[in-house]
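Reader: I have a structure to look at and I would like some help reading it. Could we go through it together, please?
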Amino acid sequence: MIQNKDISESMTIKLEDVFDELPVMPKFVKGIRRAPKRDFTLSRKETVLALKNALRYIPEKWHATLAQEFLDELLTTGRIYGYRFRPQGKIKGRSIDEYKGRCIEGKAFQVMIDNNLDFDIALYPYELVTYGETGQVCQNWMQYRLIKQYLQVITRDQTLVVESGHPLGLFASTPEAPRVIITNALMVGLFDDQKNWHRAMALGVANYGQMTAGGWMYIGPQGIVHGTYSTILNAGRIKLGISHDKDLSGYLFVSSGLGGMSGAQGKSVEIANGVGIIAEVDYSRVQTRNEQGWISRVFDNPAEAFSIAKKHQDKKESISIAFYGNIVDLLEYAVDHNIKIDLLTDQTSCHAVYDGGYCPQGMTFDQRTEYLRTDKEKFKTHVDLSLRQHFKMINTLVERGTYFFDYGNSFLKAVFDAGVKKICKNGKNTLDGFIFPSYVEDLMGPMLFDYGYGPFRWVCLSGKREDLLKTDKAAMECIDPDRRSQDRDNYVWIKNADKNRLVVGTQARILYQDALGRMKIALKFNEMVRNKETGPVMLGRDHHDTGGTDSPFRETANIKDGSNIMADMATQCFAGNAARGMSLVALHNGGGVGIGNAINGGFGLVLDGSKRIDGIIEKAIPWDVMGGVARRAWARQEMKTQLKQV
Ligand SMILES: NC(=O)c1ccc[n+]([C@@H]2O[C@H](COP(=O)([O-])OP(=O)(O)OC[C@H]3O[C@@H](n4cnc5c(N)ncnc54)[C@H](O)[C@@H]3O)[C@@H](O)[C@H]2O)c1
């Protein structure tokens, strides 16, 4: 029987095991995006507690030096990141063979963590933020180092428990149990709000994992390109009357944000053959997407942006244009010049609207960062003013025939919080929803999630492109394009995936599939690994899926039986995945819509080619999806917007 002593021995990894001496502060390279100062309202006593909490990771001999350094970090950034323990230089997910470990899962997760922090991928790599303004892999670099160390020594008979970024230790387990169990920011109901979460973050006891950031399953903006492509294509079909064998050629899509997820918009609109203008206030993000080839042209005045767009619309040629500036300015121009926008949305990070996620009109990106540091209250006033004007412009455009939808970024809620009551259906509060639909209500829910289609993904852990090409081909062969129109869209997607140059970071692929499709593909891949046709593969999905997320303003927004305020489904999904032996399971609070607004979870499954993994695929993958399908059916989803069979 396991004794307390055994447990304590499994939790003994310390920073001394990683560093013989205090590392020198690594250099900060100019031009790398940095997180703005976070909310810091700790009292003097709480500040001392935050320092003590951070120093728990540090050998006593270094306390004198680091106490002051951590205090400075806390006062200037609002958090203790422990920058000194950051690896020097850029992080990148390398081939699994380059990582140390005693089991394949331990090595595989190191690839995933480093890919989440890849400097070409991560939003604020120095602050461990992968995407979505605040979505972190873990809270600080001490945790990063310790997690990596634990993953190097973990065996098949142990499970690593990670609580809000803190590696609690390796616990005795079995090969059939998950190797890693992660939870992030699961606050007790009474304290489940932004204020308490900020306090907990500053104290160093909470981590905001978003979805795949804290679940170590982010695969760069590609992860979202497929979903965005499906969303805008289906918006065109349902709202603009485009037939299901046609695309967006000749139509104009306008949005904002070229960040972590929003950066997928330019590429998606081009793949759907449409014309897109995306506003972005941060020039470094415009540059990144432009260099990647995901944005074709860049303008800093609306007149030129709209004029080039029109030329392409007329010729029915696709193009993605970045407008370097504020979305509200772009929309004001469209209103003043009577420009017809067919599809309109917004992907600023409104789930963190007062924390830098939304840059107010009349302020440059740098001014916004400075305001956040110096005058948060005034900054909030500017945000509210801007949101009200933003709403006014959208309203006018909608009256002129534009189809506007909320892109799951809490935009409508942010407008409501800015004082606009008429954005609510009942003109009073959010209980009956908003006057504009969310993309899940109108598009993704009824078209995809209700059927179980969701963002299945995989990473070829060898890092070899040839492995990715082989898996693309194998996945394509598993899809019958004549089964449903969704299958046909997915078939076309995977057929063109390589041509569309979607990979940023590791050799990864996203492919929307239903339960059956995911299982078929997973079994095929595992067989390929067994036959040594490819190296090992990591399977996973975005949390933004059929069954993994309860989120009334997003994933479960189209559930109308009143149960969308419950979080039973996501919790069951997580527990069932753990029970069925997924290699990694994660459960988070917040995720994309802000703390208290969602519970979401995901998984990782390392395909090592064994028969044992075949068994897990057969049990766990259907569980992961079908719980959501069953719940949606129980909620009386009629699937009435399904397109005709092709
Ligand atoms: N793409 C999806 O499928 C999807 C799904 C669900 C939710 N979301 C939500 O979309 C939001 C964006 O996600 P992200 O990962 O791209 O976040 P991000 O923070 O990386 O990117 C947002 C970008 O918007 C820019 N921005 C802010 N205010 C602006 C303004 N007024 N005008 C122009 N640009 C402005 C920022 O500079 C930033 O680059 C999040 O709230 C996320 O939860 C996206």
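Author: Certainly; please keep in mind that this is a predicted model. A good place to begin is the ligand, which is surrounded by 31 residues.

Reader: Which of the residues that surround the ligand are the closest?
Author: The closest are Ser-262, Glu-280, Ser-349, His-351 and Arg-554.

Reader: And how many residues of the shell are nonpolar, polar or charged?
Author: The shell around the ligand divides into eleven nonpolar residues, 15 polar ones and five charged ones.

Reader: What is 2.9 Å from a polar backbone atom of Met-261?
Author: That is an oxygen atom of the ligand. An oxygen atom of the ligand is also found 3.2 Å from an N or O atom in the side chain of Arg-285. As for nitrogen, a nitrogen atom of the ligand is 3.1 Å from a polar backbone atom of Ile-327.

Reader: How much of the ligand's accessible area does the protein cover?
Author: On its own, the ligand has 870 Å² of accessible area, and the protein covers 98% of it. The space that the ligand takes is the largest cavity.

Reader: Changing topic: where is Asn-429 found?
Author: Asn-429 lies in the loop that runs between α15 (411–417) and α16 (439–447).

Reader: Why is Asn-429 called partly exposed?
Author: Its relative accessible area is 29%, and partly exposed means between the limits of 20% and 50%.

Reader: How far apart are Asn-429 and Asp-417?
Author: Asn-429 and Asp-417 are twelve residues apart in sequence, and in space they are 10.0 Å apart, C-alpha to C-alpha.

How values were computed
Residues numbered from 1 in each chain as written. Predicted model: local features only at pLDDT ≥ 70, side-chain atom pairs only at ≥ 80, totals over all residues. Heavy atoms only, no water. Near = heavy atom within 4 Å. Polar contact = N/O pair within 3.5 Å; in protein donor to acceptor, adjacent residues only side chain to side chain. Areas by Shrake-Rupley, 256 points an atom, 1.4 Å probe, with all protein chains shown as cover. 1 Å grid on protein atoms, 1.4 Å probe; cavity = no way out; pocket = protein on both sides within 12 Å on 5 of 7 lines; lining within 4 Å. Sits in = over half its atoms within 2 Å of the grid points. Nonpolar A, V, L, I, M, F, W, Y, C, P; charged D, E, K, R; others polar. Helix = DSSP H or I, 4+ residues; strand = E, 2+ residues; numbered from the N terminus. Buried < 20%, exposed > 50% of the residue type's maximum accessible area, 1.4 Å probe, protein only.
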